[in-house]
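Me: Please take a close look at one part of this structure, the place where its helices pack against one another. I would like one connected account that I can follow with the model open.

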Amino acid sequence: MFLRILDRLEEWLITFLIAAATIIIFIAVAHRYLVGIPLFYPILFPINLAWAQELCIIMFVWMAKFGAAYGVRTGIHVGVDVLVNKLGPEKRKITVMFSLLCGALFTFVVGSMGAKFVWGLYHTDQVTPDMEMPSWIIYLCVPLGSYLMCFRFLQVARNFWRTGHLPHHDETQVEGIEVDAPGAGAAGITR
């Protein structure tokens, strides 16, 4: 139950951040363009959207940190496994487990260093330039995203140890679309 809630929270957070950032950037660009039109100038010039770019950068950084954890969970990260696949089953399992545990260790170290940095920043009055938001809130994505990624590496390692399977993303599959006959093209021709 906890994992399903965490999975959905992760997906909704990423979806919200990318959608909101896209909308904010669209509004800011439209505002910038429309201010140049004399008819709209008196109406739109007083509206200050200087904060939009800063907010979108922050949202994309948060989305990237949590998106990396999502990538570990779903197997969408790019990996070079040509040599690993040539190994025998036992050596392959050891190599993959070593890689997953190294990923977990690395993200744990980054998360711990990020937490130390955020803790030090929390005790300062440093704020962002445009929104004047406390900087520690912005950098909180580093420990949170890194610890979540560490957890995902451990989750994948545990599952691989039990089943021998890694999560694999099939780029040809679109969720919600079912194909009746394998190999059927747009014209219904089967190869």
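Reply: Helices α5 and α7 are roughly antiparallel to each other, because an angle over 145 degrees counts as such and their axes cross at roughly 160 degrees. This is a predicted model, and the description below rests on its coordinates. Helix α5 covers residues 89-122 and helix α7 covers residues 141-163. Their axes come within 7 Å, and the crossing of α5 with α7 is left-handed. Sorted by class, the residues of this contact are 20 nonpolar, six polar and two charged.

Two residues of α5 show what this packing looks like in detail. Take Ala104, which lies in helix α5. Ala104 has a relative accessible area of 4%, and since anything under 20% counts as buried, Ala104 is buried. Apart from residues up to four places away in sequence, Ala104 touches Cys150, Phe153 and Leu154. To get a sense of distance along the chain, compare the position of Trp119: it is 15 residues from Ala104, and the C-alpha atoms of the two are separated by 22 Å. The other residue to look at is Leu100. Leaving out its neighbours within four places in sequence, Leu100 is in contact with Phe153, Val156, Ala157, Phe160 and Leu166. Phe153 is thus on the contact list of Ala104 and also on that of Leu100.

Leu100 and Phe153 come up again in the largest nonpolar core, which has 31 residues. Together with Met59, Trp62 and Met149, they are the members that touch the most other members. The elements that give two or more residues to this core are α1 (2-35), α3 (51-74), α5 and α7. Of these, α3 gives the most, with ten residues. As a general point, nonpolar side chains tend to be buried together in soluble globular proteins.

That leads to the packing of α3 on α7. The axes of α3 and α7 are 8 Å apart, at an angle of about 5 degrees. With an angle under 35 degrees, α3 therefore counts as roughly parallel to α7. On the α3 side the contact includes Val61, Trp62, Lys65 and Phe66. On the α7 side, Met149, Arg152, Phe153 and Val156 are among the residues involved. By class, the contact of α3 with α7 has 13 nonpolar, three polar and three charged residues.

In short, α7 is roughly antiparallel to α5 and roughly parallel to α3.

How values were computed. Residues numbered from 1 in each chain as written. Predicted model: local features only at pLDDT ≥ 70, side-chain atom pairs only at ≥ 80, totals over all residues. Heavy atoms only, no water. Axes fitted to C-alpha atoms, helices over the stretch in contact; angles between N-to-C directions. Helix = DSSP H or I, 4+ residues; strand = E, 2+ residues; numbered from the N terminus. Parallel < 35°, antiparallel > 145°, perpendicular 65-115°, else oblique. Left-handed = near helix turned anticlockwise from the far one by under 90°. Nonpolar A, V, L, I, M, F, W, Y, C, P; charged D, E, K, R; others polar. Core = buried A, V, L, I, M, F, W, Y, C linked by side-chain atoms within 4.5 Å. Buried < 20%, exposed > 50% of the residue type's maximum accessible area, 1.4 Å probe, protein only. Contact = heavy atoms within 4.5 Å.
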